[in-house]
Amino acid sequence: MDFTIGEDRQMLADSLSRTLADKFDWKTREAAIDSDAGFSREVWNALAELGVIGALFGEDTGGYGGSAWDVGVVFGELGKALATGPFLGSLMAGKMLEAAGDEAALAPVIAGETMLTFGHEGAVEANGRPCPPATAKRNGDQWIISGRKGVVEYLGSADQVLVTAQTDAGLSAFLVDMSASGVEARDYPVIDGGSAGELTLTDTPATLVGEDGGATEALAAATASGLVATCWESIAVMDVLRDQTLDYLRTRKQFGIPIGKFQALQHRMATLALEIEQARSSAINAAANFDKDATTRDRFCSAAKYTAGKVGRLAAEESIQLHGGIGMTWEFPLSHYAKRLTMLNHVLGDDDHHLARYMALGQAAG
C-alpha cells in the first residue's frame, strides 16, 4: 500500500501547518480556550480563506477535495496544533448537506461566513436517562421540530445547526437557524478546551435537508468521515506526546545521567512507538477503504477508532507517568495534549463501543 498522501495534500498540510504556527501559538490558544467562544474567530477565518474548510468537501458542492484522505490530512494538522473550533461539527453537518447536494447552504460555511455545527446525539435527563428522540412534523408549508440535543460542539457560536429528527417517514435531517423561535441553547466549556452546549427545540421552524426519511445513509457516511477525522487527529496528538516525552527523557537527569539512558524507560518508549505506528496504519486503512461498500467502510473505521482509543490511552498514561507530576500541570502543554487525546477516545463512541461494532459488522457480513 502506498502510504504517501500525494503532492497536493502535502502542500495543503504544509500550508495549514505554517498558518497554525503563525496564527495559533500557545498564547493564542490559551486566550481562545479562556474566551466564551472557546476558539479564535480570527484563526477560523484565516483557515477558511486558506481553503481548509473547503478541502473537507467535494468540488460538486463548491469544495476543493472532500475525500477521506483530505479529511485526515486536515485533522492531522489540527491535532498537532491542538486547534480549537467547530471543525468536527462543520465536517459532519457539511457532509449531510453535501449528500443532499445543497451547495447553497454549504457555500457560506466553506467561506467561513456561517458557523455550522451538528446535533445528532440526544440529551440526557438529570436522572441519567436519555431524553426522547427529537421529532419533526409538518405545520402548513414548513417543518417544525421539538426535542433536545446534547453536547453540541460550539453551540454558543453557531449560526446554524444541522439536527436529525424522526418524522413519519423515518430519520430525517433539518437545518435550524439559531435565531429561530423556540431555540434554547445552554453552552459551557469542555475540559480539553473549546466549548459545547445543550440544545432545546420547541416547535422550532426548520428546513428539510435531503428527502423526508432519507437521512440514515447520509448520517452513516457523515459519521464515518467523523471517525476518520478523529482517528487522524488522535495519531497526530500521540506523535506530539511521544516527541515531547522523548525530549524530556533526553534532558531530565537523575544520578548524573539523562533518565532516557535507563533501559526500562527505553523499553516503554519503544513499545509506545510501535503501538502508535499500529494506530497510524489503522487510520490509513480507514481512509484507504472509505469509498468501498458501507459495511467495509464502517468496519475499517471502527477498527481504527478502537485502535486509536486503546493506543491513545497508553500514550496519555505513559507521557504523564514518564514526566512525573509536571505532566499533570495546566501550565505544561503536554497535559493539554493528554486531555485532548483522552476526550477524543469518547467522541463518536469509545474503544469498547467500536470493538463491539466491529464484531457486529463482521457477523453481519458473514
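A salt bridge, for the purposes of this tour, is a side-chain nitrogen of Lys or Arg within 4 Å of a carboxyl oxygen of Asp or Glu, and by that rule the structure, which is a predicted model, holds 15 salt bridges.

Begin by colouring the chain by domain: the domain assignment gives domain 1 as residues 7-114, domain 2 as residues 119-209 and domain 3 as residues 216-365.

Next, select residues 7-104, where an unreviewed UniProt entry places the feature "domain: Acyl-CoA dehydrogenase/oxidase N-terminal". This span is 66% helix and 0% strand, and the C-alpha atoms at its two ends lie 30 Å apart. Then move the selection to residues 228-354, to which UniProt, again in an unreviewed entry, gives the feature "domain: Acyl-CoA dehydrogenase/oxidase C-terminal". Here helix makes up 76% of the span and strand 3%, while the end C-alpha atoms of residues 228-354 are 13 Å apart.

Now show domain 1 and domain 3 together, and turn the view until the boundary between them can be seen. The centres of domain 1 and domain 3, taken over C-alpha atoms, are separated by 21 Å, and the contact draws 20 residues from domain 1 and 25 residues from domain 3. What area is buried between domain 1 and domain 3? The value is about 1,900 Å², and carbon and sulfur atoms give 80% of this buried area.

Stay with the side of domain 1 that touches domain 3, and select α2 (26-34), α4 (68-81) and α5 (87-99), the elements that each give two or more residues to that side. The largest share comes from α4, with 10 residues. Colouring this side of domain 1 by residue type should show 14 nonpolar, 3 polar and 3 charged residues. How many salt bridges are counted between domain 1 and domain 3? The count is 0, although 2 residue pairs, both at pLDDT 80 or more, are in polar contact between domain 1 and domain 3.

For the last stop, zoom in on helix α5 and select Lys-95 and Glu-98, which both lie in this helix, 3 residues apart, or about one turn of the helix. Side chains of opposite charge can pair when their charged atoms come close. The side chains of Lys-95 and Glu-98 meet in a salt bridge, with a distance of 3.1 Å from N to O.

Definitions and conventions:
Residues numbered from 1 in each chain as written. Predicted model: local features only at pLDDT ≥ 70, side-chain atom pairs only at ≥ 80, totals over all residues. Heavy atoms only, no water. Domains from an automatic or database assignment. Contact = heavy atoms within 4.5 Å. Buried area = accessible area lost by both parts, 1.4 Å probe. Polar contact = N/O pair within 3.5 Å; in protein donor to acceptor, adjacent residues only side chain to side chain. Helix = DSSP H or I, 4+ residues; strand = E, 2+ residues; numbered from the N terminus. Nonpolar A, V, L, I, M, F, W, Y, C, P; charged D, E, K, R; others polar. UniProt positions renumbered as here; feature names shortened; annotations may be inferred.
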